[in-house]
Amino acid sequence: MFIEEFKQYISISVEAIQLFVSNSFNKGVLISNKMTILIFAVFTALVILIGLSGWYWQRSRSLKNKTPDQLSGKEKEKRLEQLEKEQAKELELRIKQEDKLQAEKEAGRLAKAEAREKGIQEQITSVEQQLKSQQVLQREIETIVEKEIVPSEETTVLERLRQGVLKTRTLLLDNIANTVLGKKEIDEDVLDDLEEVLIGSDIGPETTQRILDVITEKVERKELTNPQVLQLELKNEIQRIMSKTYPVPGTAERKPLILLFVGVNGVGKTTTIGKIAAQYRQQGKKVLLGAGDTFRAAAIEQLEEWSKRADCDIIQKEPGSDPSAVMYETVQKGLDEDYDVVICDTAGRLHTKKNLMEELKKMIRVIRKLIPDAPHEILLVLDSTTGQNAIFQTREFLETAELTGLIITKLDGTSKGGVVIGIVNEFDIPVRYIGIGEQVEDLRPFDAEQFTESLFA
């Protein structure tokens, strides 16, 4: 019965659709039954599709609102996978956002740092400009003062010497003053303290004992009793020690004058050679340098630079060359081309290295093949800042070479200038030059009287 009713319902629906479509789309002419059934089937399918779509949407919404615990089976697994994907996407998005924020902050900090650096650089530039302006002003002031007050050459030399030995003088005089402070007589304690002062000034034990013997003898004979005149007596005794005089060879007696410089590394030997060459050039002499320190490329380059500054010629070879060959070529050129002065550099050798000292002997023999009485001066350069070690070096070099003179450098940078007194006392070798500064004129011919005066003035 139900089927019959359903068929009747379908038949009525088909007729109604046939009538509606004919009136609406076919100008009242009935369409065929097949077309009507097809339209009805399409309409029915459309209704079913809409219904299924609505059901699926409603079901998805219902599932979405449910927690995984309210689901079961495959739906639960799908929901969990979906949630994991959503959480992963959200996490990735947050990470990107944080990275972007961090990058923005870093860029901001970098910009601030660059701004601060720029500000600091501008401040430094400003300070440098101010310093330059002050230096220019200072030089102008000094120029004006020099023009207004032109001291005598002797006064200028002594004052420069006093400034050069300032540290040594301060140490010596202050300690002497402390030794006699509050003393009414010269007793054993005063003499013991005086011995410590002299040793501490690097005068050396032998020279210290000589000075003490003289002072003790005068105290015992009652010729010296007042502690306050102890400084004057000390000055007089040092003047007696320093009063040795020696002839200085010149270019008038020998041409060319051959000077050979020796010394250990670091004493300022190459610089000293350059300054002496410059001084001879200022006197109008024709000067030739020989770069005999072939063990160090830097030494050759330094001497070459000094030859340019002093406007003199130089003989040099590749590093590692035979230094004796350099000496021979240098002296030969000096003879052939009528040079006034030939200055030969040697390697900065340690006085304890036997093979290097033997090389020095060989160089001297090679020079004497050309000029039998040369070198006319063998000058040992000593660094005053090494104190008593300068005396030890002198003893060692005396065993190898016939030293004719000493050059004491860097007196302006040490309180150990008393070593000059010890060297003059212990060795029968003249001190030819002393270095009291960086300028060419700060390497001065040694004047014993001026040196002693500068220590106590």
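**Figure 1. Helices α8 and α15 are roughly antiparallel to each other.** In this predicted model, the two helices, α8 and α15 (residues 448–456), pack at an angle of about 160 degrees, which is over the 145 degrees needed for the term roughly antiparallel. Their axes are 10 Å apart. The crossing of α8 past α15 is right-handed. From α8, the residues in the contact are Gln231, Leu234, Lys235, Ile238 and Gln239; from α15 they are Thr452, Glu453 and Phe456. Sorted by class, the α8–α15 contact comprises 3 nonpolar, 3 polar and 2 charged residues.

**Figure 2. Close-up of Thr452 in helix α15.** Thr452 has a relative accessible area of 0% and is buried. Its contacts, apart from residues up to four places away in sequence, are Lys235, Ile238, Gln239 and Met242. One of these, Lys235, lies 217 residues from Thr452 along the chain, yet the C-alpha atoms of the two are separated by 7.2 Å. Lys235, Ile238 and Gln239 also belong to the α8 side of the contact with α15.

**Figure 3. Close-up of Glu237 in helix α8.** The helix that holds Glu237 spans residues 230–241. Glu237 is buried, and its relative accessible area is 3%. Once neighbours within four places in sequence are set aside, Glu237 is in contact with Arg210, Ile211 and Val214. Of these, Arg210 is also among the α7 residues that meet α14.

**Figure 4. Helices α7 and α14 pack with their axes 8 Å apart.** Helix α7 covers residues 205–220 and helix α14 covers residues 419–426. The angle between them is about 85 degrees, so α7 is roughly perpendicular to α14. On the α7 side, Glu206, Thr207 and Arg210 take part. These meet Ile421, Gly422, Asn425 and Glu426 of α14. The contact divides into 1 nonpolar, 3 polar and 3 charged residues.

**Figure 5. Helix α9 passes helix α10 in a right-handed crossing.** The axes of α9 (residues 269–282) and α10 (residues 297–310) come within 9 Å and cross at roughly 20 degrees. Because the angle is under 35 degrees, α9 is roughly parallel to α10. Helix α9 contributes Thr270, Thr271, Ile273, Gly274, Lys275, Ala277, Ala278 and Arg281 to the contact. Helix α10 contributes Ala299, Gln302, Leu303, Trp306 and Ala310. The class count for the α9–α10 contact is 7 nonpolar, 4 polar and 2 charged residues.

**Figure 6. Surroundings of Glu377 in strand β5.** Strand β5 runs over residues 377–383. Glu377 is buried, at a relative accessible area of 5%. Two side-chain polar contacts are shown. The side chains of Glu377 and Thr404 are joined by a polar contact of 2.4 Å, and those of Glu377 and Arg432 by a polar contact of 3.1 Å. With residues up to four places away in sequence left out, Glu377 touches Pro249, Ile258, Leu259, Leu260, Thr404, Gly405 and Arg432. Both polar partners, Thr404 and Arg432, are therefore also in the list of residues touched by Glu377.

**Figure 7. Surroundings of Leu171 in helix α5.** Helix α5 is made of residues 166–180. Leu171 counts as partly exposed, with 26% relative accessibility. Beyond residues up to four places away in sequence, Leu171 touches Gly200, Ser201 and Ser415. The C-alpha atoms of Leu171 and Gly200 are 8.7 Å apart, and the two residues are separated by 29 residues in sequence.

**Figure 8. The protein chain as a whole, for orientation, has 15 helices and 8 strands.** Of the 457 residues in the protein chain, 39% are buried. Among contacts in the protein chain with a separation of 6 or more, 72% are between residues 24 or more positions apart. The pair Thr452 and Lys235, 217 residues apart along the chain, appears in Figure 2, and the pair Leu171 and Gly200, 29 residues apart in sequence, in Figure 7.

Note on methods:
Residues are numbered from 1 along each chain as its sequence is written. This is a predicted model: local features need pLDDT of at least 70, side-chain atom pairs count only at pLDDT 80 or more; totals for chains, interfaces and linings use all residues. Side-chain values use heavy atoms; hydrogens and water are left out. Axes are lines fitted to C-alpha atoms, for helices over the stretch in contact, and angles run from 0 to 180 degrees between N-to-C directions. Helices (H or I, at least four residues) and strands (E, at least two) are DSSP runs, numbered from the N terminus. Angles under 35 degrees count as roughly parallel, over 145 as roughly antiparallel, 65 to 115 as roughly perpendicular and the rest as oblique. A crossing is left-handed if the near helix is turned anticlockwise from the far one by less than a right angle, and right-handed if clockwise. Contact means heavy atoms within 4.5 Å. Ala, Val, Leu, Ile, Met, Phe, Trp, Tyr, Cys and Pro count as nonpolar, Asp, Glu, Lys and Arg as charged, and the others, Gly among them, as polar. Buried means under 20% relative accessible area, exposed over 50%, partly exposed in between (1.4 Å probe, protein chains only). A polar contact is a pair of N or O atoms within 3.5 Å; within protein, one must be able to donate a hydrogen and the other to accept it, and residues adjacent in sequence count only if both atoms are side-chain atoms.
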